[in-house]
Amino acid sequence: MGCTGCRGEQAAPGGAGHGAPGALDGACPQCGLDAFVRNHYFTGKMMGAGEFQTESRYHGDKQRHHNLRLHGAGVVCGLKAHQHESPDCRSRFLVVEPGSALDCCGHEILVTAPEIVDLGRHRELLRGTHDGRLHTLALCLAYRECPTDEVPLLYDECGCDDTQCAPNHILESFAFHLQVDPPLPDAQLLAAAARGALSASNRHAATGFVASAEGGRVALVDPGDASRVLLLDPQRRALKLAGLQAPARALAVSANGKWVFVAQAPEGSATTGRLRVFRGDDLTEVTPRSGNAANWNVPDAPATAAVTLAASNDRLYAYNGANGKLYFWATDATRGIADGTAPAAHLLATGLGELRVEPANGAAHALGPPAAGQRQIRRYVLPATPAASAIAPTVLAATTTPNALAAGVVGSPAKGLLAAASADDQRAYLIDPTAGSVAAQVDFDHPPLAIGLLSAADGSTWLHALLDAGGVFYVQAALLRVSGSTLQVDVAAARLAGNGPNLAVVLADEGRAAHVHTGALAEGDCADHLCKQLEACPGCSEPDCLHLATIANYRPGMPLLDLPVAVDDLAQGRARIDNRSGRRLLASTATLQSWLQCLQLKGGVPGPAGPGGPAGPTGPGIDRVIVNWLPAGSAGTANLDTVTRELTLGIPGGEDGLDGFGIDAVAASFVDPPAAGSATLVDQPAPSRNKKLVLVIPKGANGTSGVDGFGIDAVAVSFVAPPAAGSATLVDQPAPNRNKKLVLVIPKGIDGIDGKDGVGLEKDLVQLREIGWRHNQATAQLDEIDLAGSRMPALWVRFTAPVFFADHGSQFLSPQVLRVLVPETRRQRYPTLVDQVRGLMTDELGRVCECPLSGIVLPAERAGPGILKPVPTSYSDVWAFVPSQAARKLLVDAASLRVELHGDFVIDERCRAVDVEYARAELPSGDRPHGFDHGIQGGVFTSWTWINRDLPDLGVGPTGKRTDLNKAKVAELATVPGISATLAAAIVKDRGQNGPYADVDDLNRRLKLCEVLFAAMRDALSV
C-alpha cells in the first residue's frame, strides 16, 4: 500500500512544503480494510522490511478503522477558504486556513499553515469554464501520501539514481481538488433558505414546480409516496410530515407562503376529492367549520380526473380536467380558505395541462389540449370571463409543443413574465404575456421536464429547470435581468441532480439548488438511524474529496471574494466564496456535549406532530361576544355559554403613563402688605388637564417722602406657542395711581408623550417556599438526611416547583449556590442590650470572620418528620446542604450560622432563575405580597440561625433579672430589644385596661406583634 509521490501543479509556498496547493494527481491508498495482523515478537526473530511494514500497517489500519466507524467523514475544524489579501491576486488565488478533517477512508488530513490555492490556472477550470456560461466551482481537500527524503539503497555502491534510491519517509499530506459543476449537494448541506422546489415522480402527478412556504421552508408531495406531504427546512435541517387519507393529486402554496393547499383524491366510497389546508410554518392542518366541509371539495372530480391547483394573492384555483371547469375560492387570513360559500366556477376546456397564475394581474395560463399532436398556451383573465386568448402558436413556432409552464415577474418595477418549456426543442421561451411575444429563449443541455421562476428583491429572476436525460436528472438555471427594454439571459451549466424516477430538488437564491433524499428525511423514528448500522458499515471504495467551499456563478477572470453576496456581483463580474453550502462538518465529542447540554437546558426540540386523532364532536360555536373592561392589573376572564353561545370576555385595561401638561391659564389677586405673595399650579379639569397658574401679589406701598414706590395693581397675560420665548415686563400705569402693570408672555405647555408601561415583574416564577431552620432564632435540632444508612445533619430549602442547581462546587465539597458560613471563632451570645454593651467592652477579638463549611448539596425529599432522603434526579423541589464529617462539629458548635442561597443559579424547567427575593424582615415577605404570583428572577436569599445549646447565666434566667412585663414602667420596657417607646407605652396602657399578662406569649396574643420583633424581646421578658 502506498503511492508513487505527491505531484502538484505548483510548488508549496516557501519551498518543499507538504501542502502543495493544486496537487490534484497521484495515486493514493485505497480504503479496503483486511483482518488486522500484528507482529509476534520472540527472541531471535529476524526483522526485515516486511515485519516493520506489518507493524506500521497494523497501527495505521486500526486508527483508520476507529476514525471511519466511530467518527465518520467531514471537516473537523478550520479549513475556511477566503479571499487573498492582495486585490491583484484575487482573480487567481484563494487562501485556505489551517484545520483538520477525516476522509471517508478514515485518513486524517492535517493542514498546519495557511495554504494559497491557485484556482485561476487549474486545468479543470481552464478546460471547462470558457463556454460563456455561469459555472459552479467546488474546492475539495484530499488525502495524499508523499515519499520524501530519497536515500541510496544499501546494496548499491554507485550512488543514487531512479533505480538505486528509495524514499526514507512517507509524509501524510494533502492536495486540493477543483470540481467544475459538481453534482448537487444534499439539501441538509445547502445552508440557505428554500425559495422553491422541483420534483418528478412515477407514482403521482403532484409534481413540477412549487414556490416556498413561510420562513424559507418548502412543501411538496413525497415523490415516492402520494399520501405524504413534506415540509422541508434546509436552513435549519428540519422536516415535518403530514399524512393524507388518500393520494395527493396537486399541491400549491399561497403567494405569501402562509398556506399549503393540497387536492386529495376521494376517500373510501366518496365520489369527489377534497381540499386540505395546512399552515406554511409548521404543516398543522386547518379544517373547515362545522357544516362547511362540502365547500372545500373539488366538485365533480372523481378518482380518475386530473386536478391542477394554483394560488394568487387572494384566490385559490382548482382546475378539474374531467369537466374542464376552473373553481376558485377567496383566501382567508386565519383559515386559508374563506368559509361560508361554495366555490365559483368557470368553464375553460377539458384536457388542459399545467395551470399557472401571474402574480402581477391574476391572469392564468394553461397548456391547451393537444391538437394535431401539439399543445397551445392559452391565457385566461380570471375570474371575469371564461373565454381564453391563445398565446400559442401565434408567438411560438408552429412545430413547438410546450410541456411545462412557469409564471413570475422580472425587473424593477416588476413586469409579468411567462416561461414555456419544450422538451422537443430542449428550450424555454420567455414570453411577455401582455404583448404576446417571445422576449428571449434559454437553451438547455437536456429536455426540460419542469420549470420554475424565482424573483429576488433586486429585480433579478432565476429560471430553474429540471432536465430528464433518460432517467438521469439534471438541474440547470438561468439568470434573467432587464436592461432598458431588453431581457438579458445568463445561462448556468447543468448539474447532476440524481437518478430517477422519483426525485426532489430544493431551490435557493443565486441559482443554488440541492438534492433531497426524501427516504432518509421522512423516517419518523430517530432510532432508525442507529438501526442502519445493522445493514452495513459506512465507507467508500476509494478516498473521496472533502468539500471545503463553493463558488457559484463563476466566469473565468472573476475575482474570488468573501461573502456576503452583493446585488450587482454578476454585473460587476465578481464571484463569492461560500464555506457553508456543501461542506460536511464533523462534530467533535466536546461540541456534541455542548450541543446536548444546550438542548437539555432548553428542554429539547419538539418532535414532529403525531397522526391526527378521530374527529371530535361538533362544538357549539360562538354567536355573540360581550366584552367587559376590568381595572388595570386584575386578571382577565373568558366564559362561553354553550346554550346562548355567548362568549363573555373580561379584559383588564392598560395603565396610562403620566402626561406632562403646560400652563394655559393665569389668575392673579392682590393683597395688602405685609401679606406674603404666592404662586401655585392648579390642575385644570378634563379634557385639557393643563395647569393654571394662580398668583397672589402683594400691593406696593407709597413711601412717606421722596419718590413714591409704586406696586403692581394689574396683570396682563398672553400665551404663545413654543418654541417662542416667554417674558415678564413692568409697564407704568397712567396717573393718578401710577402703579405698575405686570405684562406676562407665557409659552404654552406641550403635552408629554404617554409613557409606556414597564415590563415589571414576571409571572409564575418558582419561589422559595420553606426553609429547614428557624430564621433569626435558635434552631433546636437540624433535620437529618439518610445517606447510605448513616444519618447526617442537613440544612434544606424547599421551592414551589422542582428546580435544577447549576453548581459543580459540590464535586469539590465547596458548594457555591447554597452555602453555610460559620464564624472563625466561637462567639458568646448576648440576648439583652445591657449584655451587649458589656460584651462590647470586654470582647478581645477585633473582628469576626465567617468561613464556608465544606459539604455537598443534594436533591432530596421529605421522608418523615425530621428525616430527608436523597432522590436520584437532577430536578427537585427540596435541596439539602450536608456538611462533611469534619464540618459537623463546627456547624453544631458555631455561635451563629449564615445561610446564603444564590437564586441566579437555581434554574426551573423553563430555564428561568427562581425568585428568592422574598425575605426582608420576616418570612414570608419581600418584594410582593405573600402569595402574589409575580416576581423577579434571581437574587440572594440570606438567613441566619444557631443551634440551641445551654447558655451561661447572663442575668436573664429565672433569677429574676429579666424585665418584668407586669411591673416595668415605660422607660424600663423601652430598653428591651425590639420594644420601642411607643410600644412600651401601649404595653403599659393595655396592662392597665385589661389586667396583667398571664405569660410572655399573652403579650403577643393581645397586641398582635410582628413575629420578628416578638422573637427579639421574648427572652428578655418575664411575668
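This is a tutorial dialogue on reading helices, a strand residue and salt bridges in a predicted model.

User: Let me begin with helix α1: how many residues does this helix have, and what distance does the helix reach from its first C-alpha to its last?

Analyst: Helix α1 runs over residues 49-70, which gives 22 residues, and its span from first to last C-alpha is 31 Å, close to the 32 Å expected at 1.5 Å a residue. Just after α1 comes Gly72, a residue with a positive phi, near 95°.

User: Which residues of α1 are buried, and what covers them?

Analyst: The buried residues of α1 are Tyr58, Asp61, Arg64, Asn67 and Leu68, and the elements that cover them include the strands β4 (99-102) and β5 (108-111).

User: Turning to helix α11, which of its residues are buried, and where do they lie around the axis?

Analyst: In α11, which spans residues 1000-1007, the buried residues are Val1000, Asp1002 and Leu1003. They lie on the same side of α11, because the arc that they cover around the axis is only 150°. At the start of this helix, a side-chain oxygen of Asp999 comes to within 3.2 Å of the backbone nitrogen of Asp1001, while the residue that follows α11, Lys1008, has a positive phi, near 50°.

User: How should I read a salt bridge, and how many does a search of the whole structure find?

Analyst: The general idea is that side chains of opposite charge can pair when their charged atoms come close. In this model, a search of the whole structure finds 33 salt bridges.

User: Staying with α11, which salt bridge involves Asp1002, and how are the two partners placed along the helix?

Analyst: The side chain of Asp1002 meets that of Arg1005 in a salt bridge, with an N to O distance of 3.7 Å. The two partners are separated by about one helical turn, because they stand three residues apart in helix α11. Asp1002 counts as buried because its relative accessibility is 11%, whereas Arg1005, at 49%, counts as partly exposed. This pair also belongs to a wider set, since salt bridges with shared partners join Asp990, Asp999, Asp1002, Arg1005 and Arg1006 into one network.

User: Which parts of the chain does the salt bridge between Arg555 and Asp490 tie together?

Analyst: The side chains of Arg555 and Asp490 meet at 2.9 Å, N to O. Arg555 lies in the loop between β38 (546-554) and β39 (560-562), and Asp490 in strand β34 (residues 486-491), so the pair ties together parts that are 65 residues apart in sequence. Arg555 is partly exposed, with a relative accessible area of 23%, whereas Asp490 counts as buried at 10% relative accessibility.

User: Then consider Glu285 and Arg276: is Arg276 buried or exposed?

Analyst: Arg276 counts as buried because its relative accessibility is 3%, and its side chain meets that of Glu285 in a salt bridge of 2.5 Å, N to O. Glu285, with a relative accessible area of 34%, is partly exposed.

User: Finally, where is Thr308 found, and which residues does Thr308 touch?

Analyst: Thr308 is found in strand β18, residues 307-311, and counts as buried because its relative accessibility of 18% falls under the 20% cut-off. Leaving aside residues up to four places away in sequence, Thr308 touches Ala250, Tyr317, Ala318, Tyr319, Gly353 and Leu355. One of these contacts can be read in both sequence and space: Thr308 and Ala318 are ten residues apart along the chain, and their C-alpha atoms are 5.6 Å apart.

Note on methods: Residues are numbered from 1 along each chain as its sequence is written. This is a predicted model: local features need pLDDT of at least 70, side-chain atom pairs count only at pLDDT 80 or more; totals for chains, interfaces and linings use all residues. Side-chain values use heavy atoms; hydrogens and water are left out. Helices (H or I, at least four residues) and strands (E, at least two) are DSSP runs, numbered from the N terminus. Buried means under 20% relative accessible area, exposed over 50%, partly exposed in between (1.4 Å probe, protein chains only). Contact means heavy atoms within 4.5 Å. The expected span of a helix is 1.5 Å times one less than its number of residues. The arc is that of the directions from the helix axis to the C-beta atoms. A polar contact is a pair of N or O atoms within 3.5 Å; within protein, one must be able to donate a hydrogen and the other to accept it, and residues adjacent in sequence count only if both atoms are side-chain atoms. A salt bridge is a side-chain nitrogen of Lys or Arg within 4 Å of a carboxyl oxygen of Asp or Glu.
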